[in-house]
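Let's take a friendly walk through a protein structure, one piece at a time. Keep the 3D view open and follow along as you read.

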Amino acid sequence: MSLTYDEVVAKYEPVLGLEVHVELNTNSKMFCGCSTIFGAEPNTQTCPVCLALPGALPVVNEKAIESTIKIGLALNCSIAPFSRFARKNYFYPDMPKNFQISQYDEPICVDGYVDVEIETDEGPKQFRVEVERVHMEEDTGKSLHVGGATGRIHGADYSLLDYNRAGIPLVEIVTKIVPATGKYAPEVAKAYVSELRDILRGLGVSDVKMEQGSLRCDANVSLRLIGSDVLGTRSETKNVNSLRSVERAVRGEMIRHAELLNKGERVVQETRHFQEDTGLTRSGRSKEQAEDYRYFPEPDLVPVAPDAAWVEELRAGIPERPSLHRKRLQEAWNVPAKEMEAMINADVLGIVEATVNLGADPTKARSWWLGEISRLANERNAAIADLSITPTDVAEIVALVEKGELTDKLARQVVEGVIAGEGTPAEVVSKRGIKVVNDDGALMAAIEKVCAEQAETAEKVRNGHLPAAGALIGAVMKETKGQADAARVRELLLGHLGQ
Amino acid sequence: MIRATAAEMAAKLASGEVTSVALTQAHLDRIASVDTDVHAFLHVDTEGALAQAAAIDAKRAKGEKLSSLAGVPLALKDVMAQKGIPTTCGSKILEGWRPPYDSTVVANLKKNGIVILGKTNMDEFAMGSSTENSAYGPTHNPWDLTRIPGGSGGGSSAALAAFEAPLAIGTDTGGSIRQPAAVTGTVGVKPTYGGVSRYGLVAFSSSLDQAGPCARTVLDAALLHEAIAGHDPKDATSINAPVPQVVNAAKSGDVKGMKIGVVKELNGDGYQAGVRARFEESLELLANAGAEIVEVSAPNFEYALAAYYLIAPSECSSNLARFDAMRYGLRVGDIDGASAESVMNLTREVGFGKEVKRRIILGTYALSSGYYDAYYGSAQKVRTLITQDFNNAFTKADVLVSPTCPTTAFKIGEKANDPLAMYLNDIATIPVNMAGIGGMSLPSGLADEDGLPVGFQIMSPVMKDERMYAVGAALEAALLAKWGVPILDKAPVLGGAK
C-alpha cells in the first residue's frame with residue numbers, strides 16, 4: 001500500500017530534528033599541528049597525536065574555539081563561560097584512540113535559534129528552528145572497505161584506513177525538535193540547512209561543501225497522529241549530501257514511517273543511509289538499545305573558559321545574517337526573487353555584489369556573471385570562482401561598454417581573453433586590437449553599401465516604418481565585423497534615410 | 001666510581017677526572033654483572049648510551065658549556081617514549097614497538113646531556129606495587145632478592161639500589177615512585193601534578209600520572225628534577241610557571257621554624273612496628289634540626305583508596321583502548337577472513353595481563369551509564385574533599401609527613417593473588433596524587449624486625465616542591481650523621497663488585 005505525500009500529511013504531523021556536522025577550515029587539526037588540506041595522499045597528514053601513539057597528548061586548537069564561538073553567536077546562542085571536553089568511548093578501527101574527544105553535558109554554546117522563510121500556500125512564512133547546542137569535537141579517520149557487495153565493513157575482503165581526517169575540527173549543531181511544520185517539514189529542513197550553510201560561509205569558518213563532507217546533515221524524523229502530543233519513534237538519516245537530498249530524505253522518511261504505521265507496524269529506532277540514486281533510505285545501525293559511550297570529562301585537557309571581553313569582541317565582528325543581507329540587496333538592486341535565487345544557486349551573489357561595489361550597474365553585473373561567464377565556466381568544467389576573471393575585471397568591462405569603447409559583442413571577446421589569461425581587460429583590448437569602429441566615414445560607407453543592397457528595406461524605413469531599420473543595422477554591424485557601436489550606426493542610418 | 005652520588009660524578013666529569021664514556025661503561029659493566037639477579041632492566045641501550053657519552057665528552061673537550069648533570073648516566077622507566085628504543089610499558093601488547101618520537105622528559109634529558117642507559121622494568125602499564133605484574137618477569141629487591149622492589153617503578157628503584165645507575169626516571173600515579181623508593185632505601189619524588197610534562201608518558205590515569213626523579217640522595221633528585229621539569233606546550237595540563245627552586249632547597253636543608261604536620265590518619269594501626277619506630281625517630285631528628293612538629297587531621301583520607309580505585313581504572317579503561325592492533329604493537333589472529341573486531345579482541349585478550357584486564361573491566365563498569373554518578377561521580381567528590389583536607393592541613397603546617405608505606409618490602413608472590421592487600425600498600429601515597437600536590441620518599445632507616453629499609457614521606461603544597469626538598473635534605477643529613485654511612489652501605493653486596 002503506497003501512500004501519497006498528501007495522504008501522509010493529512011493524517012500525521014512530522015517532528016523534525018536536525019544534527020549538522022561542520023568541518024572547520026582551520027589550518028591545523030583540533031588537537032595537533034597537522035595540516036587539514038582536503039585530498040592529500042592517505043596518511044601523510046598525521047603525527048603521534050592524531051595517530052594516538054602511546055604517550056601522545058592533545059592540545060586544543062585556539063582557532064577552532066574561536067570559530068565555534070562565532071558560530072554560536074551567529075546562531076543566537078549563549079556562550080558558556082565554562083565548558084569541558086569529554087571522551088566518547090567506543091571502538092572502531094578508523095578512530096585512533098578508540099574514543100572521540102567531544103563535548104557532552106557541558107557544551108560551549110547553548111540555546112540559540114535560526115529563523116527560516118519558505119514559500120507556503122499562503123505566501124512566504126517564517127519558521128523558527130531552535131538550536132539546542134553547538135559543540136566541538138574531532139573527526140574520525142576514513143575507512144575504505146574493499147570487496148564485498150555493500151561497501152560496508154561486514155563482508156569486505158579488507159579495509160584501508162586513512163587517518164588524514166582523524167582530528168579535523170568538527171562542530172556539531174543540534175536543533176531542538178522542530179514541531180508544527182506540517183506538510184512543510186521537508187522544505188523547512190532544507191531551508192534550515194541552507195540558511196546554516198550561508199551563515200557559516202558568511203562567517204568564513206568552513207568550506208561548507210556538502211559534496212566533500214565538510215557539511216554533513218543527519219535528519220531525524222518521526223510522525224505522530226495529528227492532535228497527539230506523544231512523540232513517535234524516530235529514524236536518523238545519515239549521508240545526506242546535498243540540500244535537495246535533505247528535502248527528499250525527510251519526505252521519503254515521512255512516507256516510509258506512515259506506511260509502516262498505517263499497516264500497524266512499528267518504526268524501528270535506527271540510523272538510515274540515504275541513497276542519492278533512489279531517494280530512499282536503507283537500514284543502518286539499530287539504536288533500539290542506546291549505546292553506552294561512557295562519557296567522562298577529558299582529563300588530558302583543561303576546561304574551556306573564554307574571556308567575556310573576547311566573546312564580546314567576536315560578537316561585534318559577526319557579519320549581517322546572509323538572508324537579511326540578501327533581502328537588502330534584492331531591494332537595493334530591484335531584482336525579482338527568481339533572479340536572486342538564480343544567483344544564489346549559481347553561487348555568484350558575492351561576486352556580483354563585489355562587482356556592484358566597484359561601480360557596475362547591478363543588472364549588468366548580474367547578467368555578465370550569470371550569463372556569459374557562467375557559460376564559459378561550464379564549457380571549461382570549472383567553478384566560476386576558479387576562473388581567473390575577477391569582479392574588478394567585470395566592473396572595468398561594464399564601464400568600457402558604458403563609455404561606448406566596447407560593444408556587447410566585443411566585451412564578450414574581452415571576457416574570453418581575461419579568462420584565457422591574457423591579462424586585464426585593458427591589456428586584452430590592446431593585445432587583441434579590439435576597438436569600436438567610430439569613424440563615421442567608414443560607417444557611412446557601410447551604411448550606403450547596405451542600403452544599396454537592401455533598397456526595398458531602406459525604402460520602408462525612409463517611409464517611416466522604423467522597425468525595419470533593425471535588419472539594416474544588423475547588416476551594417478556584420479559589415480563592420482561587430483566593431484561598430486550599434487547606437488551610433490542607428491543614429492547615422494536613420495539620418496541617412498531622412499528619419 | 002659507581003657508588004658515588006650523581007652530584008659527585010658530575011663534579012668528577014666537570015674536573016676531567018673521569019670521562020662520561022668511562023662512567024657509562026662502568027655502569028654497563030655493573031648491569032652486566034648484577035642484572036641477571038636483579039632484573040631491573042628490560043632493555044639496555046649499550047651503543048646508544050656510549051655514543052651519547054662520547055658526544056658529551058667531545059663537547060666538554062671543546063670547552064662547551066654543559067649542564068650540571070651532563071655525562072651522568074640514568075635509567076629510564078619503560079613507560080616513557082624514547083625515539084627508536086623499545087618501549088613496552090611492561091606489556092606484551094607493546095612488544096617490539098619503537099616510538100618514532102621522544103617524550104618531553106627524554107628530550108629534556110638529552111638536552112641536559114644525561115646519558116640514557118636503558119629502560120627499566122615496571123608493573124604492566126604502571127599498575128601494581130611490586131613489579132610482579134610485568135609481562136617480562138619480576139624485578140628483585142637488591143636488599144633481599146626474594147623480595148619485591150616496590151612498584152610500579154621497581155626497575156628504576158632497584159637499579160639505583162644495585163648501583164646500576166645513579167639516577168632514574170619514575171612515574172607516580174598512586175605511589176609508583178615513592179613506594180619503590182621506600183622499600184629499596186632510595187629517594188623518589190612525585191612533583192606537583194603538571195610540574196613535569198606528561199607528553200610521551202604512556203598514560204595509565206591521566207589526571208593522576210606524574211613523572212619524577214629517582215636517586216640515592218635528595219640533592220641528586222633535585223638536580224634531576226630541575227633538568228626534567230618546566231612548562232610544555234604539548235601537555236595542556238602542564239603548569240606555566242617557573243620551576244620551584246628545588247636544588248637550592250636541597251642544598252640548604254634548612255628547616256628552622258618550619259612547621260611539619262604529622263597526618264594523624266596516616267599512622268598507627270596497620271603500620272608495621274619498625275616502620276612506626278623509624279618514623280618517630282625521624283620526627284625527633286627534624287625537631288632537633290629546628291622544625292616544629294604539629295599534628296594535623298585529614299578525615300577524608302580514609303576514602304582515598306576507594307576513590308582512587310574508581311578514578312584510576314576509569315581513566316585507564318579509556319586510555320588503554322588505543323591498544324587495538326591497528327597501528328602498532330602486538331597483532332593476534334590476523335588470518336584470512338578475520339574481522340577487525342576479532343583481531344582487536346584476540347590481541348587484547350593475549351596482550352594484556354590479569355591486573356590490567358581487572359582494571360579495564362572495573363573502569364568500564366564504573367563509567368557505565370546508570371553507574372557513573374554512584375562510582376566515578378562520587379569518587380570525584382571524594383577527590384575534592386581530599387584536596388580540601390590538604391588545603392586545611394597546609395594552613396597549619398608547611399609540609400605534611402607520614403610513613404611512605406605501611407610495611408617494608410614483602411616477599412615476591414606473597415600478595416600476588418590478593419589484589420586488595422596489594423592495593424593497601426599505597427594507602428599513604430594515594431592522597432598526594434588525588435590532590436595533585438608534591439610528595440617525596442626518602443630512607444628513614446631499617447626496620448628492627450626485618451632489617452629492611454623504611455620510607456619517610458614528605459608532602460608539599462602545589463608548586464611548593466622546594467619545601468619537601470628542604471625537609472628531606474635536613475632529615476637526610478641528620479640520619480647520615482647518626483649512621484655514619486649512607487643507608488645503601490648496609491645493603492648486602494651484590495655480584496661481588498664494589
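Which residue of β3(B) does Phe41(B) stand opposite? Phe41(B) faces Thr120(B). Before we go on, please keep in mind that this is a predicted model.

## The sheet in chain B

The pair you just met belongs to two strands, β1(B) and β3(B), which run antiparallel and are joined by 3 bridges. In chain B, β3 covers residues 115-120.

Both strands are part of an open sheet of 11 strands with mixed pairing. Trace its order in chain B: β1-β3-β2-β4-β6-β5-β10-β11-β9-β7-β8. At the edges sit β1 (41-44) and β8 (292-296) of chain B, each pairing on one side only. On average, neighbouring strands of this sheet are turned by 30 degrees against each other, direction ignored.

Now look for helix α3 of chain B, residues 46-61, which packs on the sheet. This helix touches β1, β2 (73-77) and β3 of chain B, and its direction makes about 160 degrees with that of β3(B). While you are looking at strands, here is a handy rule: in a regular strand the side chains alternate between the two faces of the sheet.

## Strands in chain A

Move over to chain A and find strand β5 (residues 109-120). Strand β2(A), residues 78-79, runs antiparallel to β5(A), with 2 bridges joining them. One bridge pairs Ile79(A) with Cys109(A).

β5(A) also runs antiparallel to β6(A), residues 123-138, and here 11 bridges join the strands. Tyr113(A), for instance, has Glu130(A) in β6(A) as its bridge partner. Together β5(A) and β6(A) form a hairpin, with 2 residues between them.

## Two crossing helices in chain A

Next, find helix α11 (residues 408-419) and helix α12 (residues 425-432) of chain A, whose axes come within 9 Å and cross at roughly 105 degrees. Angles from 65 to 115 degrees count as roughly perpendicular, so α11(A) is roughly perpendicular to α12(A).

From α11(A), the contact uses Gln413(A), Val414(A), Gly417(A) and Val418(A). From α12(A) come Pro425(A), Val428(A), Val429(A) and Arg432(A). These residues divide into 5 nonpolar, 2 polar and 1 charged.

## Where the chains meet

How many residues does each chain bring to the contact? Chain B gives 34 residues and chain A gives 26 residues.

On the chain B side, α10 (304-319), α11 (340-351) and α12 (354-367) each supply at least two residues. The most come from α10(B), with 3 residues. This side of chain B divides into 17 nonpolar, 10 polar and 7 charged residues.

Conventions. Residues numbered from 1 in each chain as written. Chains lettered and ligands numbered in written order. Predicted model: local features only at pLDDT ≥ 70, side-chain atom pairs only at ≥ 80, totals over all residues. Pairing = 2+ DSSP bridges. Helix = DSSP H or I, 4+ residues; strand = E, 2+ residues; numbered from the N terminus. Axes fitted to C-alpha atoms, helices over the stretch in contact; angles between N-to-C directions. Contact = placed C-beta atoms within 7 Å. Parallel < 35°, antiparallel > 145°, perpendicular 65-115°, else oblique. Nonpolar A, V, L, I, M, F, W, Y, C, P; charged D, E, K, R; others polar.
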